[in-house]
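Hi,

Here's the structure I promised to pass along. Have a look at it first, and then read on for my notes.

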Amino acid sequence: MAGRFAPRPTRTTVRGGDVAVPAGVPRQSAGPGRVRTWVPDGPLDLGLVLGPLRRGPGDPTFRATPDGSVWRASRTPAGPGTLRVSVYGGEVRGQAWGPGAEWLLERLPELLGAADDPAAFAPRHRVVAAARHRRPGLRLTRTGLVLESLIPSVLEQKVTTVEAYRAWRLLVRKFGEPAPGPAPGRMYVMPEPRTWALIPSWEWHRAGVDNKRASTILRAVRVAARLEEATGMPPEAAQARLEVVPGIGPWTSAETVQRSHGAADAVTVGDLHLPGIIGWALAGDRDADDTAMLELLEPYAGQRHRAARLILLSGRVPPRRAPRMPVGDIGRL
């Protein structure tokens, strides 16, 4: 029986950024759009590269379609844009619509890991080497956008992923705008900074977002231009700038620059589960804390985020000792 059905993705593999992108021949999308083709210099797994950008299966800014394409709706410096990416025969084809189309196509190679250097990574543990062998197409994405990763990361602070994904979905659909072009149904571009700042307090509450997280987002969008400037900084300096905003700490800043900068060494510290997962996979220590996790990852200095992703993708997790954290909904109060 074990071999008859494909295994369901676990929470760990989802955290590792694995999105199922169906194999198939991409179809030409309706509408003119702008087109760019690009040939990567090595293996490229579209689901692995772009997976970390999806915030839950119902993310209105992200869609993987049966024809093997990935769609993203983004708010770029040039305005909203929709990007469709597909890979066939070793060639990447990007098609974009909206005011931000040119900006999205110009940065298509970086989005798909062209600025990343997987060859710089040397596995030091068997579990890491095995995961890398099974996932040769893993590259680290670089979006060049800060707020689109920062805001959902703030929503994920101190709550279950189900609660955070729900909040992101509700807020983007209610206050964002429909994605330009022939995007799949119900795709939206996230709100612009001023719109985030004008969301009434009761709408945050209805989405299940407490005052602390909502206030952090409001403080961030007031200095949105300064935060977006951080894309031109090294990841460490970018994290320092983000952490100037009250409510943004090392966990949130690392989760942001991993996506905005493709930061190969940005380790997520302060996470409830990650130290135990890495401790279990590398040393059999399910009670590892941040200090122990950083010691175990020290051989991967400069590539610690990549090592952590490979460990998450390996599926090696300690046995569960307690029930799942209950999903709350302050919107019902």
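Below is what turned up when I went through it, starting with the overall picture and then moving to individual spots.

One thing up front: this is a predicted model, so please read everything here in that light.

**Overall picture**

The protein comes to 16 helices and 7 strands. It has 333 residues, and 51% of them count as buried. If you take the contacts between residues at least 6 apart in sequence, 69% of those join residues at least 24 apart.

**The sheet**

Five of the strands make an open sheet, and going across it you meet them in the order β1-β5-β4-β3-β2. The pairing is antiparallel. At the edges sit β1 (34–38) and β2 (62–64), each of which pairs on one side only. Neighbouring strands here are turned against each other by 20° on average, ignoring direction.

If you want to zoom in on one pairing, try β2 with β3 (residues 70–76): the two run antiparallel and share 3 bridges. Ala64 is a handy place to start, with Val70 in β3 as its bridge partner.

**Salt bridges**

There are 17 salt bridges in the structure. I picked out a few that you may want to look at.

Start with Glu102 and Arg34, whose closest N and O atoms are 2.3 Å apart. Glu102 belongs to helix α3 (residues 101–106) and Arg34 to strand β1, so this salt bridge ties together parts that are 68 residues apart in sequence. Are the two residues buried or exposed? Neither label fits: Glu102 is partly exposed at 44% relative accessibility, and Arg34 is partly exposed too, at 46%.

Next come Glu156 and Arg55, which meet through their side chains in a salt bridge of 2.9 Å, N to O. Here both residues are in loops: Glu156 in the one between α6 (147–155) and α7 (161–175), Arg55 in the one between α2 (46–50) and β2, so the pair links parts 101 residues apart in sequence. Glu156 counts as buried, with a relative accessibility of 15%. Arg55 is buried as well, at 4%. The cut-off for buried is under 20% relative accessible area, which is why Glu156 at 15% gets that label.

The third one stays inside a single helix. Glu203 and Arg206 are both in α9 (residues 201–206), 3 residues apart, or about one turn of the helix. Their closest N and O atoms are 3.3 Å apart. Glu203 is buried, at 11% relative accessibility. This pair also belongs to something wider: Lys174, Glu203 and Arg206 are linked in a network of salt bridges.

**Two helices that cross**

How do α5 (residues 126–134) and α16 (residues 304–314) sit relative to each other? Their axes come within 9 Å and cross at roughly 80°. That crossing makes α5 roughly perpendicular to α16. On the α5 side the contact is made by Val127, Val128, Ala131, Arg132 and Arg134, and on the α16 side by Leu310, Ile311 and Ser314. Sorted by class, that contact has 5 nonpolar, 1 polar and 2 charged residues.

**Two residues to click on**

His125 is in the loop between α4 (108–111) and α5. At 22% relative accessibility, His125 counts as partly exposed. Leaving out neighbours within four places in sequence, its contacts are Leu282, Leu296 and Tyr300. His125 and Ala283 are 158 residues apart along the chain, while their C-alpha atoms are 9.9 Å apart in space.

Thr216 is in helix α10 (residues 211–222). Is Thr216 buried or exposed? Buried, with a relative accessible area of 1%. Not counting residues up to four places away in sequence, Thr216 touches Val154, Val245, Pro246, Gly247 and Ile248.

That's it from my side. Shout if you have any questions.

Cheers

Methods:
Residues numbered from 1 in each chain as written. Predicted model: local features only at pLDDT ≥ 70, side-chain atom pairs only at ≥ 80, totals over all residues. Heavy atoms only, no water. Pairing = 2+ DSSP bridges. Helix = DSSP H or I, 4+ residues; strand = E, 2+ residues; numbered from the N terminus. Axes fitted to C-alpha atoms, helices over the stretch in contact; angles between N-to-C directions. Salt bridge = Lys/Arg side-chain N within 4 Å of Asp/Glu carboxyl O. Buried < 20%, exposed > 50% of the residue type's maximum accessible area, 1.4 Å probe, protein only. Parallel < 35°, antiparallel > 145°, perpendicular 65-115°, else oblique. Contact = heavy atoms within 4.5 Å. Nonpolar A, V, L, I, M, F, W, Y, C, P; charged D, E, K, R; others polar.
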